[in-house]
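Got the model open and ready to rotate? Let's take a walk through it together.

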Amino acid sequence: MKILVAIKQVPDTESRIKVAADGCSLDPADVKWIISPYDEYALEEAIRIKEGKGAEVVALTVGGEAARDVLKNALALGADSAVLLKGDGQGDAYAVAQMIAAYAKDKGFDLFLCGNKGLGGDNAAMGPMLAELLNVAQANVVVKLELGDGTFRAEREVEGGSEVVEGALPAVITAQKGLNEPRYASLKGIMAAKKKTIEEADAAPTTAGSCVTTLALPPERAAGRRLEGEAPAQAAALLQALKDEAKVF
Amino acid sequence: MILVFCELKEGTIRKPSAEALSEGRRLADAAGLKLGAIFAGASCAGSADAAKYGADVIYCAEGASLASYSSDGFAQVLADTVQAKGATVLLAAATAVGKDVAPRAAARLGAGYASDVTGLAMVGGKLQAVRPVYAGKAFATTSFASAVQVATTRPNVFPLAEKAGAGAAEAVAAPAGGFKSVVKEILAKASGKVDLSEANIIVSGGRGMKDGANFGLLEALADAIGGVVGASRAAVDAGWGLPHSMQVGQTGKVVSPTLYIACGISGAIQHIAGMSGSKFIVAINKDPEAPIFKLADYGIVGDLFEVVPELTKSAQGMGIGSN
Ligand SMILES: Cc1cc2nc3c(=O)[nH]c(=O)nc-3n(C[C@H](O)[C@H](O)[C@H](O)COP(=O)(O)OP(=O)(O)OC[C@H]3O[C@@H](n4cnc5c(N)ncnc54)[C@H](O)[C@@H]3O)c2cc1C
């Protein structure tokens, strides 16, 4: 079994968000980059499959030199090899899906794992787009995965519960919190990763789908009102305000 | 044409789909386009209601192969209909199904996709989408490079607008089947209550609730004002037996209710990412410096164990939940 884990480097949520001079992209000055947390579940799942039934795990990211960090970490966690596809990994999901599809096609992958969305951009699009471009099955927002003989059974989160998706491999599975508990890299893993090399390739040319034309900070929320007094008075004042001012009731 | 994928639940159009249709009508009027609704399933009974929200044409792909949801099967239906009818915009609600099928259909059409949008406009005949990014710390305006443009609309954001359309019914062919993946089983059935992402009023509890059993206080308040109960990640992860489906935030549900009441929640950025789109925010917290107060329209500094039961009692007295 051969597994491709697509991971994305994203700004840490705690980062201060500033708009760059072009008015449409993120000013990278104060940004701390991390692996998108959903990708950690994807990577962990791949490593567990490798430990369980044996698999070759390839970690891939689209990005520049700085994106090597997430690949080094993936190698330390147990990925067998890593690929840096040089291209814009922060832009249009359709473009990224095409880059990954062009790289992965004809390489015999049985399973593609990635996060259900990239933290921050929140497009939730790359996985299903990759599945379509490779003409394979998909299951999104997966919290439990079982592999059979050329088949999969996935539980995915839906409104008010979960549903079971069954299909044939190869498949794209996008991970959600709950799929597993990601491990930390061990010292041994970190040492072993130093001996592994990161393959580099230029991303294939793509057709653009969409682009961000302006990035703007949200309007300030108007200052709120504190309701004073003891609990009964506060409760009564709140309900009155919600009824008369906010007209919620 | 603007085509809107609509989901049915027990023979009625799901509210998020009706919202997408309403927005589709508005965009179609602005651009002088027709509005089509597309349904897929074993039966499309109930699809005629799309006319209420302005659909000029109602397409139905009815067939045994579509009895259970299939990502590739439904994506094929949507993409084929877009092409056959010459639609330039495909919308769906950003539901579990919508978010699963729309990007796949987009890739099939070679189209750009904007996910979970909170604003749409037609500018010079092209779709433009606005969506929150970076945990709601910024808004991105997205334009499309492709001829066909695909977007999913965030539930509870676009107002429902009833406007009669011609609603001419037209069958479209259902694929033969043999799909790559299919939904086999629904595991946890919806509890009968609306899902958080569709709820109009949410009462959420955080670590300040101290114990899962205390969520009964929030249930009582929610019942009194017609709401549903959510939670912060700290509460979900505390081992109190609260399911992840209750979690609001960056790694939980993104919600946009009319009213969000945060009880014993500090207001961490990852929590705010999930609820800052709420129209009115109430914070109940004993710490006057809690960051949640910066966001709150109404703040109560106090002990939630005193305030929440008082709210429930007063709401019951005012008969709020009944109207
Ligand atoms: C990658 C990542 C993703 C995350 N995703 C999410 C997410 O999706 N959703 C989410 O919520 N968090 C998320 N978090 C966690 C987030 O950072 C916070 O830790 C979490 O939101 C805190 O929850 P809380 O407000 O309930 O708890 P706390 O921050 O501990 O706040 C508890 C509050 O309760 C108040 N309180 C205590 N007792 C009382 C009382 N008797 N009456 C009134 N007030 C009282 C306290 O004053 C305090 O303000 C994420 C974190 C990371 C790193």
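We'll go from the domains to the ligand and then to the hidden spaces inside.

Keep in mind as you look that this is a predicted model. Start with chain A, where the domain assignment gives domain 1 (2-202) and domain 2 (225-249). The C-alpha centres of these two domains of chain A are 47 Å apart.

Now hop over to the ligand. It has 26 residues around it, and the ones that come nearest are B:R207, B:S232, B:T251, B:S266 and B:N285. Three helices of chain B, α5 (233-236), α6 (269-275) and α8 (304-318), each give at least two residues to this shell. Sort the shell by class and you get 14 polar residues, six nonpolar and six charged. Zoom in on some polar atoms next: a polar side-chain atom of B:Q270 sits 2.7 Å from a ligand oxygen, while a polar backbone atom of B:R233 is 2.9 Å from an oxygen atom of the ligand. A ligand nitrogen, in turn, lies 2.9 Å from an N or O atom in the side chain of B:D303. How much of the ligand's 990 Å² does the protein bury? The protein covers 80% of what the ligand exposes when taken alone.

Finally, look for empty space. There are three cavities of 30 Å³ or more, and the largest has a volume of about 300 Å³. Its lining counts 24 residues, with A:K8, A:V96, A:K117, A:G118 and A:M126 closest to the centre. By class, 11 of the lining residues are nonpolar, nine polar and four charged. The second largest cavity holds about 50 Å³, and its lining includes A:P11 and A:D12 as well as B:Y134 and B:Q250.

Key:
Residues are numbered from 1 along each chain as its sequence is written. Chains are lettered from A and ligands numbered from 1 in the order in which they are written. This is a predicted model: local features need pLDDT of at least 70, side-chain atom pairs count only at pLDDT 80 or more; totals for chains, interfaces and linings use all residues. Side-chain values use heavy atoms; hydrogens and water are left out. Domain bounds come from an automatic or database domain assignment. A residue is near a molecule or strand if one of its heavy atoms lies within 4 Å of it. A polar contact is a pair of N or O atoms within 3.5 Å; within protein, one must be able to donate a hydrogen and the other to accept it, and residues adjacent in sequence count only if both atoms are side-chain atoms. Accessible areas come from the Shrake-Rupley method with a 1.4 Å probe; for residues, only the protein chains shown count as cover. Helices (H or I, at least four residues) and strands (E, at least two) are DSSP runs, numbered from the N terminus. Ala, Val, Leu, Ile, Met, Phe, Trp, Tyr, Cys and Pro count as nonpolar, Asp, Glu, Lys and Arg as charged, and the others, Gly among them, as polar. On a 1 Å grid over the protein atoms alone, a cavity is a set of points where a 1.4 Å probe fits but cannot get out, and a pocket is an open set with protein on both sides within 12 Å along at least five of seven lines; lining residues have an atom within 4 Å of a point. Grid points are joined across faces, edges and corners, and a volume is the space filled by probe spheres set on the points.
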